[in-house]
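Trainee: I'm new to this one. Could you take me through it and let me ask how each label is earned?

Mentor: Sure, have a look and then ask away.

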Amino acid sequence: MVIHDWGYLDEYRNEREELLAAVDRAFSSGRLILGKGVSSFEEEFAAHHGVDHCVGVDNGTNAIVLALRALGVGEGDEVVTVANTAAQTVVAIDAVGAVPVFADVDPRTHLIDTDHVASLIGERTRCLLPVHLYGQCVDMTTLLPLARRHGLAVIEDCAQSHGARHQGRLAGTMGDAGAFSFYPTKVLGAYGDAGAVLSGTPGVAESLRVLRYCGMRERFHVEELPGYNSRLDEVQAEILRVKLPRLNTYVDRRRELAARYDRAFAGTGLSLPVTADGNEHVYYLYVVRHPRRDALAAELERRGVRTTVHYPRPVHLMSGFAHLGYAPGSLPVTEAVAEEVLSLPLYPSLKDSDQERIITAVHESLDAV
């Protein structure tokens, strides 16, 4: 039997009755668009994070798009981010007409190199977009004062960091806005596409609500452009309401599994995840590095363990972003990371027995490569 790198089928079996009750609640409500499910989830997600405002949207990409728009980022503005991320982060920047500027990453954590960020800020820079990658936060203690000195907006990409903390503060609560994805495999996942934006600023939240509803504050009257049809679905909102109270339990299980991997792979030659000082990691992904990554992945597949590479091609070297002018070698750490990283299966429903199979397979595969 193959051990997959995702576990939402097992999760569904474990939580089926409550999830189906949530779906029935949405279908029985009489309002399937922007109804009580969405407003209740927004209130609950905001309260969980200790912020005043949450705006539900249709996916994590549009969470970033709308956050950029709400903070006034648009045509020709520069946004500093990383190329070691899901391409959607950068697609969102392009979608508002802004220009992504890539900082390299720290070789230990693979998070944005804050020193490099400082060197990239120029006259056209409007926003910093740190990506809280793999389940831990960027060094916001350094990044936020830098942004404030230069009058820059800060949007946190929290797609991989639900529940993560930096210096005690939850991901998504430190910048001007925090953009979340609830894609099914996330630490807090829906059963389809869904997203949200957190903000402590009433004006930003109001702008987000208008932007997600085609530029309308009330039906049939467009007040502002651009507008987007980008509303969180009632069914997904009700599912997320069921799962939100379990977020800490999901995180605890991820940390337990990660700690077992740490013990099992110490001294094997694998480079293991490093948690930065002041961070509390939630292990959305358990990412190791090995100089013969592809051979290792092939050996694991032969032994029934499916892995993923997050991410095999940095965004700055993708053909769709060739117009930005980044050549191979321009982000050396990012490019080195992309050659070696491998994500091992880790999710709350992963059985202890299956993790032992994975550990055994990794040891055998390391011997084989």
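What follows is a chat about the labels used for this structure, which is a predicted model.

Trainee: Let's start with the sheets. What is the order of the strands in the open sheet of seven strands?

Mentor: The order is 1-9-8-5-4-2-3, and the pairing is mixed.

Trainee: What makes strand 1 and strand 3 edge strands?

Mentor: Strand 1 (53–57) and strand 3 (99–103) each pair on one side only, and that earns them the label. Neighbouring strands of this sheet are also turned against each other, by 30 degrees on average, direction ignored.

Trainee: How do you know that strand 2 and strand 4 pair?

Mentor: Pairing takes at least two bridges. Strand 2 (residues 78–82) and strand 4 (residues 125–128) are joined by three bridges, so they pair, and they run parallel. As an example of partners, Glu78 has Thr125 of strand 4 as its bridge partner.

Trainee: Which helix packs on this sheet, touching strand 4 and strand 5?

Mentor: That's helix 6 (residues 140–150). Its direction makes about 150 degrees with that of strand 5 (153–157).

Trainee: And how do you know that strand 6 pairs with strand 12?

Mentor: Use the cut-off of at least two bridges again. Strand 6 (residues 165–166) and strand 12 have two bridges between them, so they count as a pair, running antiparallel. Within it, Arg165 stands opposite Glu280 of strand 12. These strands belong to an open sheet of three, with the order 7-6-12 and antiparallel pairing. The edge strands there are strand 7 (169–170) and strand 12 (279–280).

Trainee: On to the helices. How is the packing of two helices described?

Mentor: By the angle between their axes and the distance between those axes. Here, helix 3 (residues 60–70) and helix 4 (residues 87–95) pack at about 40 degrees, with axes 8 Å apart. The crossing of helix 3 past helix 4 is right-handed.

Trainee: Which residues make that contact?

Mentor: Helix 3 brings Thr61, Ile64, Val65, Leu68 and Arg69, while helix 4 brings Gln88, Thr89, Ala92, Ile93 and Ala95. By type, the contact divides into six nonpolar residues, three polar and one charged.

Trainee: What about the backbone? Which peptide bonds are cis?

Mentor: One joins Leu225 and Pro226, with omega about 0 degrees. Pro226 sits in the loop between strand 11 (221–222) and helix 8 (234–243). Another runs from His310 to Tyr311, with omega near 15 degrees. Tyr311 is in the loop between helix 10 (293–302) and helix 11 (332–340).

Trainee: What is worth noting about phi in Leu34?

Mentor: Phi is near 50 degrees there, a positive value in a residue other than glycine. Leu34 belongs to the loop between helix 1 (8–28) and helix 2 (36–49). His110 also has a positive phi, about 70 degrees, although it is not a glycine. You'll find His110 in the loop between strand 3 and helix 5 (114–120).

Trainee: Why is His110 called buried?

Mentor: Buried means under 20% relative accessible area. His110 has 6% relative accessibility, so it counts as buried.

Trainee: How many disulfides are there?

Mentor: The count comes to zero. For Cys127, the nearest cysteine sulfur is that of Cys158, 13 Å away.

Trainee: And why is Cys158 in no bond with Cys137?

Mentor: A disulfide needs the two sulfurs within 2.5 Å. The sulfur of Cys158 is 7.2 Å from the closest cysteine sulfur, in Cys137, so that is too far for a bond. Cys127 is buried with a relative accessible area of 0%, and Cys158 is buried at 0% too.

Trainee: Last one: why does Asp354 count as buried?

Mentor: The value for Asp354 is 13% relative accessibility, and the cut-off is under 20%, so it counts as buried. Asp354 lies in helix 12 (residues 352–368). Leaving out residues up to four places away in sequence, Asp354 touches Met1 and Ile3. Its C-alpha atom is separated by 9.5 Å from that of Val305, 49 residues apart along the chain.

Definitions and conventions. Residues numbered from 1 in each chain as written. Predicted model: local features only at pLDDT ≥ 70, side-chain atom pairs only at ≥ 80, totals over all residues. Heavy atoms only, no water. Helix = DSSP H or I, 4+ residues; strand = E, 2+ residues; numbered from the N terminus. Axes fitted to C-alpha atoms, helices over the stretch in contact; angles between N-to-C directions. Contact = heavy atoms within 4.5 Å. Left-handed = near helix turned anticlockwise from the far one by under 90°. Nonpolar A, V, L, I, M, F, W, Y, C, P; charged D, E, K, R; others polar. Buried < 20%, exposed > 50% of the residue type's maximum accessible area, 1.4 Å probe, protein only.
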